[in-house]
Amino acid sequence: MATDGPLDVVALVSGGKDSFYSILHCLANGHRVVALANLHPPSRVATANTDTTTPTSRAEVKDRLRAGAGNVTNTTSTTIRISPGDDVFSHQQHGSLSVPRVDNNGDEEDEVDLNSFMYQTVGHQVIPLYAKATGLPLFRQPILGTAIDSGISYRDPDGQHPEEDETESLIPLLRAVLKAHPEINALCTGAILSTYQRTRIESVALRLGLVPLAYLWQYPELPLSSSSTNPSSPPTKPVGADKDDGQLLRDMATAGLEARIVKVASAGLDEGFLWENVASETTVSRIRQALRRFGSAGSRGAVLGEGGEFETLVIDGPSELFKGRIIVRDEDRRIVHEGGGSAWLNIRQAKVETKTDREIARQAPDLNIRIPGLFDPVFGSVLYSLLNEKPRDDVVLPQSLSSLLRLELAPSSSNSQDWYFVGNPGGVENQTAQVVDGIRQRLHQDSLPATAITSSVIVLRQMADFPTVNRLYGALFQEPNPPARVTISCGDLLLPPEANIGVLLTVQSHLKKEDRRGLHVQSRSYWAPANIGPYSQAGAYPLFASDESRSHHDGADSASPLAVSVAGQIPLVPASMSLPPVQPDGGSILPFQVTLALQHLWRVGTEMQVQWWSSAVAYFPHSPSLADAKSNALLASSAWNAVHDYSFSSTIDTAKDLDPWDRKYNPTYMTYGDASDDITSRPALPDWEVLKDFDPDADADAEGGGVMQRPLPFVFSAEVEELPRSAGVEWHAHLGFANMGSGSIRLCFEVSGGGGSSDHISLHHVVAESSFGTVFVQTIAVYKGTKAPFSFVDAMDCTILAVKRSLGKMVSGQDDLVISATIKAKLTYVTEVFVFPEDISSLLEKGAIIPCRSLWDSLGNSLDMVSIFETRWVKVN
């Protein structure tokens, strides 16, 4: 199914503001909305001998729908189709419009709100009128079942539950839509911040072959301003200036969308808010004040009703969508009170008033929909610096090991394992099947589920083989949130020579399900590229072994440090999932791509609350010359430096100027609470306070009034053969740290004599300490200065010895123990300067290998090899 151009969309509507505003964004992005779809509460019928009402059974629903619905078309046994010309009345209830209402002691049968986490049901009586109001066919079906799968991320049921989850009601509904409109290839929803809703819609859409669209996803976090591919001046807005939840409501008002509050369910909101226009400035102000009185104003999305504070009903919109407005008289609205201060409107009757040609002409000729800028202020500044400023020609190195306090440490066991598989001789499909089978066997051998795999790096000989590899690899993962993944092609350099594929897996052998958290957004949005397929944007898991953390746990309120694996990020425009267009003037698009892909990495990291990156590599495809490869590397390091410099400057300014009230109550500087609505500070990325001996006051008072430069996470560039989608760059952060305490990360540097044919080996250590007494060390070993072809095995042995000696200097009194320990590289990037052994086993025992055409440090110096090591230690008291 072609999905590169404009899409034909079916829009899920609940009657609420978000679903209709999302439709307007579909139109603004050039898509065609073909039909509307809605699920409504099941009919309720009186029991034989009581005054109570009970939901109808599936059979009863089907029987009553088979009875017909006047001039409304039955498309399936449970789905009805309402055409724009059908004469329907909103006081006829549910989907079965011909069935009369059943009264219960004078109360109307539907004076019950389902209070579903998935579907809005208040105001459902008005839904049939949307067909006439919009001129679009409307398909409706009752909600069957309840929330069986209560997890935040949805797992395809596949017959695993005897009862059916309410999410599955979407399947027959959408199949009926597709039967009537086979051209439809996309599904639109209004999810903004609810992972619960988004993952369920995505599951259904992808099973039906539809592209999920969620243009409002993370919308409050996105920038206001438009973006230029060649900015003439740096952005002037400070960080956080655009982040205002209420802006979304103002955007709706500007677009001409009129939505009324039909339910309030927050202690701060009373029935006086019912039927108010939610997007008016007066109402937005009242909502803020009411929520603030009860301490909820800083909760993420509270002003938008994202936490269930209120629900809305759309009654009008721009003429591009609404050909008529819905009229509800005062006497046709009845307030229903529920427990806990909740109140909602039961709408007894409504009608559609068709707009006149004069009214339509008075409206704006074009949709007035604000599409968020592609770059936020930080990365707008990064792009400006790449285009207009000279790269920095210096690097601030971390403190040397000689000045580092020697730690009383002993080696510690680790839950983390690295599994490396390569294809045997044969075609790529056979090799991939063999690798996948090997992974399954290893999981079975170790009694591990596939969810124990937290990240993967896939190295291909040819990127054209990716669809085949993706299909077979994807069969490994049936649970939500598959591991984050990086994919590159190394061409004919791939080792061993007969292999077409190599797969490195990071596996956590004792990972509990509740300790694993993933981020897998499969919908198109403005936020970051959708990951459709067997890989998530990111996954988080405990950095240290759970038994270590708990044995040293000093309180229930302590949060264990987390490791965060992030997928490789290429510069796709999120809303279209296409690469940026070529510059009209023929200029290089690479600065734009480098910045955009780096922003994707930052947005994913921020959502996962990453505070610091251990290290990163920028992959570039094969360049015409070494000079071009070097230029690309300098571009990447300049972007890396710029985003840290800009963030550092903002941190200093905020630390100096931020009022304590802002830290606690201002949503601009707050993250949003957990399920208990506790408000906690949202960590910045980078969060400079996690660095040992960080002093913002000293840096703010640096000599000359400038900001003191500080060491950054190690970054380098690797020239490979090809990247996914023929992208110009792919950013790969090796590891992110989250839940780290102040001063818990140290950066250390040492130069070691390489011996042999190498001038030296430089070692970059990232030392992360927990309050439980555990220590994680990632070591980047940079090997350069090889004078002639040199044995790869000898170079690796030399590097491992240098790493051991360096680690021994950090471990007080344990030098001999470190030297004798078995230390193996997790991942090694190598160039063609080395001679590789013909014996595959001696090659594979050195760990995963990524052959590169060239390697470069942040100053544009050529490198021969970069190896990544991970070790874990425990403090000895």
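Biologist: What makes strand 19 (residues 453–460) mostly covered?

Modeller: In this predicted model, eight of its eight residues are buried. Buried means under 20% relative accessible area. Strand 19 is therefore called mostly covered.

Biologist: How do you know that strand 19 and strand 21 (residues 501–508) pair?

Modeller: Seven bridges join them. Pairing takes at least two bridges. So strand 19 and strand 21 count as paired, and they run antiparallel. Ser-456 stands opposite Leu-505 in strand 21.

Biologist: Where does Ser-456 stand with respect to strand 20?

Modeller: Ser-456 stands opposite Arg-485 in strand 20. Six bridges join strand 19 to strand 20 (residues 484–489), and this pair runs parallel.

Biologist: Why is the crossover from strand 19 to strand 20 called right-handed?

Modeller: The chain goes from strand 19 through helix 11 (residues 466–474) to strand 20. With the strands pointing away from the viewer, a clockwise path over the helix is right-handed. This β-α-β crossover is right-handed, so its path runs clockwise in that view.

Biologist: Now the five-strand sheet. What is its strand order?

Modeller: The order is 22-23-24-29-25, in an open sheet with antiparallel pairing. Strand 22 (517–519) and strand 25 (610–613) are the edge strands, as each pairs on one side only. Neighbouring strands are turned by 25° against each other on average, direction ignored.

Biologist: How do you know that strand 23 pairs with strand 24?

Modeller: Five bridges join residues 538–542 to residues 562–566. At least two are needed, so strand 23 and strand 24 pair. Ala-538 stands opposite Val-566 in strand 24.

Biologist: Which strands does helix 13 (residues 590–607) lie across?

Modeller: Helix 13 lies across strand 22, strand 23, strand 24 and strand 25. Helix 13 runs at about 130° to strand 25.

Definitions and conventions
Residues numbered from 1 in each chain as written. Predicted model: local features only at pLDDT ≥ 70, side-chain atom pairs only at ≥ 80, totals over all residues. Heavy atoms only, no water. Helix = DSSP H or I, 4+ residues; strand = E, 2+ residues; numbered from the N terminus. Axes fitted to C-alpha atoms, helices over the stretch in contact; angles between N-to-C directions. Contact = heavy atoms within 4.5 Å. Buried < 20%, exposed > 50% of the residue type's maximum accessible area, 1.4 Å probe, protein only.
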